[in-house]
Amino acid sequence: MKTRSLLPLAALWLAASAAQALPSGAAATAASKAVRGCHLPGVTDTLRCVTIDVPVDHAKPGGDKLKIHVTIAPAHRQGTRGDPLFVLAGGPGEAGSDVAPLLSTAFNRVRATRDIVFIDQRGTGRSGKLDCKSKPEHERMTEDQLEAELRSCIAATKAPFAAYTTDAAARDIEAVRTALGYGTVNVFGGSYGTRLGQAYARLYPQSVRSLVLDGVAAPDQVIPAGAKDGQAALDKLFAQCAKDAGCNKTYPNLRAEYEGLVAKLEAAPLKLNLPDPRTAQPVEITMTASRFLGTVHGILYSPADARRLPFLVHSAAQGRWQPFIARQNLSGDFGGEGHIATLLHFAVVCAEDVPRMTPELLAADKGKLTKTLADKIPALCKALNVPAVPYKEPARIAAPALLLSGALDPVTPPHRAETAAKYMSRAQHVVVDNVGHGVSQLGCAPRLLRAFLDKPQDKLDAACLKEIPPPTFQLGSFGPQP
């Protein structure tokens, strides 16, 4: 993503209005930080962008600096609320600017009275993205070739990977708050952003007015060890198909077909000759167990997507792999600029998660969906050579917190939020039946976010979220049932 340049006259006007849009007392600070008008993909409004210098090592404030990119969507009603909503994206590796389109969905109601502040975590988006160049030919490479490419990319990167921890990112958030002149702030975190949000609230309790955590990571959660949670979500999908008259009639042997495909691919990779879903040109594709399982795991994040999985599995079991390959390509599309910062992801996970991947934990993590990653990542971490971040017993969070969970979530299911809530003094946990990974955009959730932020000490009536219906199953090539 690149900020579009503005016409000179428009740029002068935006510079003036940007200073006016910041909280009282912050205009002088912001002016020195060169606030500018900017545009982000998926957002029609002109936003405010600023780059803030932070130390590479917060223990050495006079040392080398990193530039943190911040995007501000000013409140529609000026002067009504002084406590903004800071948005922390997922991954690790997703940037705040990547999720700016949430302004028109999840944050539409909140923005009426509050600034929405998107922070590109160090090493993501426009904050010095740590990534490897994506190439079209990667889709045709074997796992060994892809791993060799990744190792080469790691070796060629000069960034100090040890500086890209959750703790350092949390300290960056405080630097942003101070530089922009805000008082206490509300924090929204999604997925990994919930881990970062909790870390910030523990480091700077005096700076946090409230927390909204969507798809909650527990403090003790080890990201690569997600096979058990993923398998639970897959089992729920199989059970739902069996209970649905249309799905059960169309796919009566769904689980057996799925397990047959996994067994076949585990025995040997499958060479597929078929038209490329993008170009229609004949191409040879190698389908492996890890690619198949990884695609299935990604599909489970969204119930609407998951309800297509029976069709994809059945088609593949019948030898028609084109629909599955097309879906696989969608999840790994090399054309998009907002993809995850791969090296930042590994820097965080290798320092904070892999050291806690004990044999006991892996033995208890029953399932196959994430096993390939869990098996391979320790060796990759040796190439990054980052020191382990010791696990600490979490301090208690005093700020009011709203925890949102989808009952069908394959990566941060409700039991993860329940564990996180044990370390919070004032947590409300809402579980939504027909939802997967991410609640805030759906149904009445945007209105509830506004209600909670206005009065975070009050009990929230979230009964309206029960009205979100389950998606229909896809029973043929023409898409889901009406």
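This passage walks through the predicted model, from the whole chain down to one helix, the disulfides and the aromatic rings.

The structure is a predicted model, so local features are taken only at pLDDT of at least 70 and side-chain atom pairs only at pLDDT 80 or more, while totals for chains, interfaces and linings use all residues. Residues are numbered from 1 along each chain as its sequence is written, and side-chain values use heavy atoms, with hydrogens and water left out.

As for confidence, pLDDT is the predictor's own score for each residue, running from 0 to 100. The chain has a mean pLDDT of 89, and 89% of its residues reach 70 or more. Residues 1–32 are another matter: pLDDT stays under 50 there. The model gives that stretch 42 contacts beyond four places in sequence, a contact being heavy atoms within 4.5 Å.

The chain has 482 residues, and 52% of them are buried. Buried here means under 20% relative accessible area, exposed means over 50%, and partly exposed is in between (1.4 Å probe, protein chains only). The secondary structure comes to 17 helices and 11 strands; these are DSSP runs numbered from the N terminus, with helices (H or I) of at least four residues and strands (E) of at least two. Looking at contacts with a separation of 6 or more, 75% are made by residues 24 or more positions apart.

Helix H15 covers residues 371–384 and makes a handy case to look at up close. The expected span of a helix is 1.5 Å times one less than its number of residues. For the 14 residues of H15 that gives 20 Å, and the end C-alpha atoms sit 21 Å apart, which agrees. Even so, H15 has a kink of about 40° at Ile377, shortly before the proline Pro378. The bend at a residue is the angle between two axes, one fitted to the seven residues ending there and the other to the seven starting there. Ile377 is also one of the buried residues of H15, along with Ala374, Leu380, Cys381 and Leu384. These buried residues pack against helix H3 (143–156), helix H13 (342–352) and helix H14 (359–364). Right after H15 comes Asn385, with a positive phi near 55°.

Next come the disulfides. A disulfide is a covalent bond between the sulfur atoms of two cysteines; in this model, a pair of cysteine sulfur atoms within 2.5 Å counts as one. The structure holds 5 of them. Counting bonded cysteines along the chain, the pattern runs 1-2, 3-4, 5-6, 7-8, 9-10.

Cys38 and Cys49 make one such link, with an S to S distance of 1.9 Å. The link joins distant parts of the chain, 11 residues apart: Cys38 in strand S1 (residues 36–38) and Cys49 in strand S2 (residues 47–55). With 75° about the S-S bond, it is right-handed. Cys38 counts as buried because its relative accessibility is 0%, and Cys49 is buried too, at 0%.

In the disulfide of Cys132 and Cys153, the sulfur atoms are 2.1 Å apart. This pair also links distant parts, 21 residues apart, with Cys132 in the loop between strand S5 (116–119) and H3, and Cys153 in helix H3. The link is left-handed, with -100° about the S-S bond. Cys132 is buried at 18% relative accessibility, and Cys153 at 15%. Another left-handed link, at -90°, joins Cys241 and Cys247. Their sulfur atoms lie 2.0 Å apart, and both cysteines are buried.

That leaves the aromatic rings. Rings of Phe, Tyr and Trp (its six-membered ring) pair if their centres lie within 6.5 Å; planes under 30 degrees apart are stacked, over 60 edge-to-face, and the rest tilted. The whole structure has 9 such pairs. Tyr200 and Tyr204 have ring centres 5.6 Å apart and planes at 45°, so their pair is tilted. Tyr200 is buried at 0% relative accessibility, and Tyr204 at 16%.

For Phe292 and Trp321 the centres are 6.1 Å apart and the planes at 75°, so this pair is edge-to-face. Phe292 lies in helix H9 (residues 289–299) and Trp321 in the loop between helix H11 (309–317) and helix H12 (322–331), so the pair ties together parts 29 residues apart in sequence. Phe292 is buried at 0% relative accessibility, and Trp321 at 5%. Ring pairs also link these two with Phe238, Tyr258 and Phe324 into a cluster.
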